[in-house]
Amino acid sequence: MIRLLFTVFFINALFGVFLFIKPTEIKNDLIFEIKRGDSYLRVVDNLKEIDITVPSFINVIIRYSSLDKKITYGDYLIKKQENLFTVLKKIIKSETHFRKYRIPEGSTISSILDRSNVPVSLKINGINFDKTNIHALEGRFHPNTYYYSSIEDSEDVFLEAILTQDSLLEKYWNSRTPYVSLQEPQELLVLASLIEKEACPNEHRKVAGVIYNRLRLNMPLQIDSSVIYGIEDFNGDIKKHHLRRDTPFNTYTNKGLPPMPISNPSESAINAASKPEIHSFLYFVAKDKCSHHFSETYDEHKEAIKKYQ
């Protein structure tokens, strides 16, 4: 009888070892999510739903050795035909898979939401923000690449982006040059957002100088990117009637800065807004990518338009 029991146990153990090292039936890489508060048994059940079965004797060993207490919530990358040993090792060692989320320089909140598959829900200074009102935070998301290990942590991406942008804004506002004729940090952020949309980093400070020169002379800024921001469902082709349409963001019909940022500016643009290049230029027109012709007079500007456009 004892020999029979030993034989049955031995066969079951061999079968378990076989399952332990045998490649899984998963045909494609997938993300396996462990939610906050999931028990080890819940994890085992969820693995079974994707055709990964953990043998009973493995469960006994893991629970007896308290390895089940080391499981951390997050997303885990399970590669096709990866064996059970590798899958469990990742989970027990908390080798979570980090997702990458990119906020590009000059992006708008609308463009971020359009390509985002993560929920956007934030609470800042006691105010709740979601997709219905998050546009009020335009400009405050620092462009960068962020990493998170779970959908549950996706909010941290946006909070980190805001905290970083707020810190940079404070830094450059406090170190601004006397030439900066603005009243508050928010205006610096608005101006930086214009710079970001109008030029590459190599010309940020020069374009900043043009904007300040026009502000000092009480000239309309006449920045197309701001006009475009105020047009709903813009199709990519700006027309003269767009420039005549009076919206809060039309810098042809309104003098001064637009009422809020029109993009999420980079550190380079914020720095340029705080330390503009000092010159006499009032106009600029694109020559090619990342290059503009700058002019002091309107007549010179008109000649440049004929030449480069």
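Here are legends for three close-up views of this predicted model.

**View 1. Helices α7 and α11 cross each other in a right-handed way.** Start with α7, residues 185-198, and α11, residues 267-274, whose axes come within 8 Å and cross at roughly 120°. Because of that angle, α7 counts as oblique to α11. If you would like to find the contact yourself, look on α7 for Leu-188, Leu-189, Leu-191, Ala-192, Ile-195 and Glu-196, and on α11 for Ala-269, Ile-270, Ala-272, Ala-273 and Ser-274. Sorted by class, the contact residues are 9 nonpolar, 1 polar and 1 charged.

**View 2. The largest pocket holds about 690 Å³ of space.** Its lining has 29 residues, and the closest to the pocket centre are Gln-222, Asp-224, Tyr-252, Phe-284 and His-301. Helix α7 from the first view returns here: α7, α8 (204-216), β7 (283-288), β8 (291-295) and α12 (298-308) each give at least two residues to the lining. Which element supplies the largest share of this lining? That is β7, with 5 residues. By class, the lining of the largest pocket has 17 nonpolar, 5 polar and 7 charged residues.

**View 3. The second largest pocket has a volume of about 370 Å³.** Here 15 residues form the lining, and you will find Ser-110, Ile-228, Tyr-229, Gly-230 and Ile-231 closest to the centre. Helix α9, residues 224-229, gives the most to this lining, with 3 residues. The lining of the second largest pocket divides into 6 nonpolar, 5 polar and 4 charged residues.

Note on methods: Residues numbered from 1 in each chain as written. Predicted model: local features only at pLDDT ≥ 70, side-chain atom pairs only at ≥ 80, totals over all residues. Heavy atoms only, no water. Axes fitted to C-alpha atoms, helices over the stretch in contact; angles between N-to-C directions. Helix = DSSP H or I, 4+ residues; strand = E, 2+ residues; numbered from the N terminus. Parallel < 35°, antiparallel > 145°, perpendicular 65-115°, else oblique. Left-handed = near helix turned anticlockwise from the far one by under 90°. Contact = heavy atoms within 4.5 Å. Nonpolar A, V, L, I, M, F, W, Y, C, P; charged D, E, K, R; others polar. 1 Å grid on protein atoms, 1.4 Å probe; cavity = no way out; pocket = protein on both sides within 12 Å on 5 of 7 lines; lining within 4 Å. Points joined across faces, edges and corners; volume = space filled by probe spheres on them.
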